[in-house]
Amino acid sequence: MDSIVLDGKQLAEKIKSKITKEIIEREKAGLSVPTLATILVGNDPASATYVNMKIKACKSVGMGSKYVHLDEKTTTNELLDEIDKLNRNEEVSGILLQHPCPQSIDERMAFDRIAYYKDVDGVNLKSFGRLSMKMDTFFPCTPYGIMLLLKEYKISLSGKNAVVVGRSPILGKPMSMILLNEDCTVTICHSKTQNLPEIVKNGDIIIGALGKPEFIKADWIKTGAILIDAGYNQGNVGDIEMTKAMSKSSYYTPVPGGVGPMTIAVLLQQTLQACKLQRTK
Ligand code: NAP
């Protein structure tokens with residue numbers, strides 16, 4: 001069947017060029033430029049790459065960035081102190097703590113220490129609670145990016161069976177809540193789920209969000225399904241066996257160039273929004 005590519009790269013560029021224009025306008029009007037603070041604890045190479053990409057993205061739209069790199073041995077209390085400093089810093093519009101932190105850190109406590117109005121990565125409990133209740137808030141960037149992509153292609157969601165494979169706090173769980181709020185019937189799967197292939201076969205929308213290369217097989221997919229691959233594994237491979245599955249789908253996201261660029265575009269968009277909410281000058 002004819003499948004349509006959900007081009008996240010293109011939509012992300014569109015969002016970023018709007019942000020660039022708005023920042024130029026702010027500068028002309030003498031208003032402050034948004035700044036994103038990123039915190040990396042430890043030296044995980046993948047996390048360092050993600051943080052670098054985010055810093056580069058800030059530069060590309062004319063946004064400021066502040067990088068805080070903490071030692072692997074940093075304690076939870078030391079991290080909380082750093083977050084408090086950034087919360088107090090008026091130059092900082094938004095704060096992103098790169099996940100995952102080293103095991104010794106209480107990551108939930110750290111996420112919740114980020115001031116709600118600077119939580120541009122949508123990771124604290126208040127943000128999740130408000131998102132779940134369909135209230136205005138900052139959203140976790142990846143699920144929100146996926147939703148913007150679905151909306152851009154005018155994909156109707158109401159009444160569809162959505163199967164989300166993965167239930168992490170930053171991805172699977174909020175994605176499920178967003179789809180539920182869009183009137184999908186949502187099944188959330190995880191590592192203890194039984195009969196996963198049967199459940200996936202029932203899905204009109206499949207979200208791959210587990211972090212295992214090509215784990216979701218093409219022969220589990222029903223013809224016409226919408227395939228969203230949030231997974232990003234070594235060798236530019238997603239969580240869905242996409243080369244075989246794409247021809248069965250009505251829409252699909254490529255890896256790379258689907259969900260990834262949208263995550264960054266949303267992060268920038270929410271940082272700009274945070275700046276506008278915090279600063280009148
Ligand atoms: P995570 O925190 O490790 O969570 C993985 C989830 O998958 C867990 O809920 C886990 O279940 C579930 N799972 C593991 N094995 C499974 C199995 N055999 N069957 C069904 N479910 C299984 O990962 P994450 O941070 O959500 O990331 C997931 C993927 O998305 C990774 O590839 C990551 O790189 C990617 N990602 C991409 C972006 C982007 O911008 N594109 C952003 C964030 C993440 P349990 O809860 O039972 O353990």
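**A surface patch, a small sheet and a buried asparagine**

Let's start on the surface: Tyr-50, Met-53 and Tyr-232 form a nonpolar patch there, with about 290 Å² of accessible area together. Accessible areas come from the Shrake-Rupley method with a 1.4 Å probe, and for residues only the protein chains shown count as cover. Patch members have over 30% relative accessible area and no salt bridge; nonpolar side chains (Val, Leu, Ile, Met, Phe, Trp, Tyr) are joined within 5 Å, like charges within 9 Å. A salt bridge is a side-chain nitrogen of Lys or Arg within 4 Å of a carboxyl oxygen of Asp or Glu.

This is a predicted model: local features need pLDDT of at least 70, side-chain atom pairs pLDDT 80 or more, while totals for chains, interfaces and linings use all residues. Residues are numbered from 1 along each chain as its sequence is written, and side-chain values use heavy atoms, without hydrogens or water.

Back to Tyr-232. It sits in the loop between β8 (226–229) and α9 (242–245). Helices (H or I, at least four residues) and strands (E, at least two) are DSSP runs, numbered from the N terminus. Tyr-232 counts as partly exposed because its relative accessibility is 45%; buried means under 20%, exposed over 50%, partly exposed in between (1.4 Å probe, protein chains only).

Next, the sheet. Three strands make an open sheet, ordered β3-β2-β4, with parallel pairing. Pairing takes at least two DSSP bridges between two strands. β3 (64–70) and β4 (94–97) are at the edges, each with a single partner strand, so one side of each lacks a neighbour in the sheet. Seven bridges join β2 (residues 35–41) to β3. Ile-39 stands opposite Val-68 in β3.

Last, Asn-87, in helix α3 (residues 76–88). Asn-87 is buried, at 13% relative accessible area.
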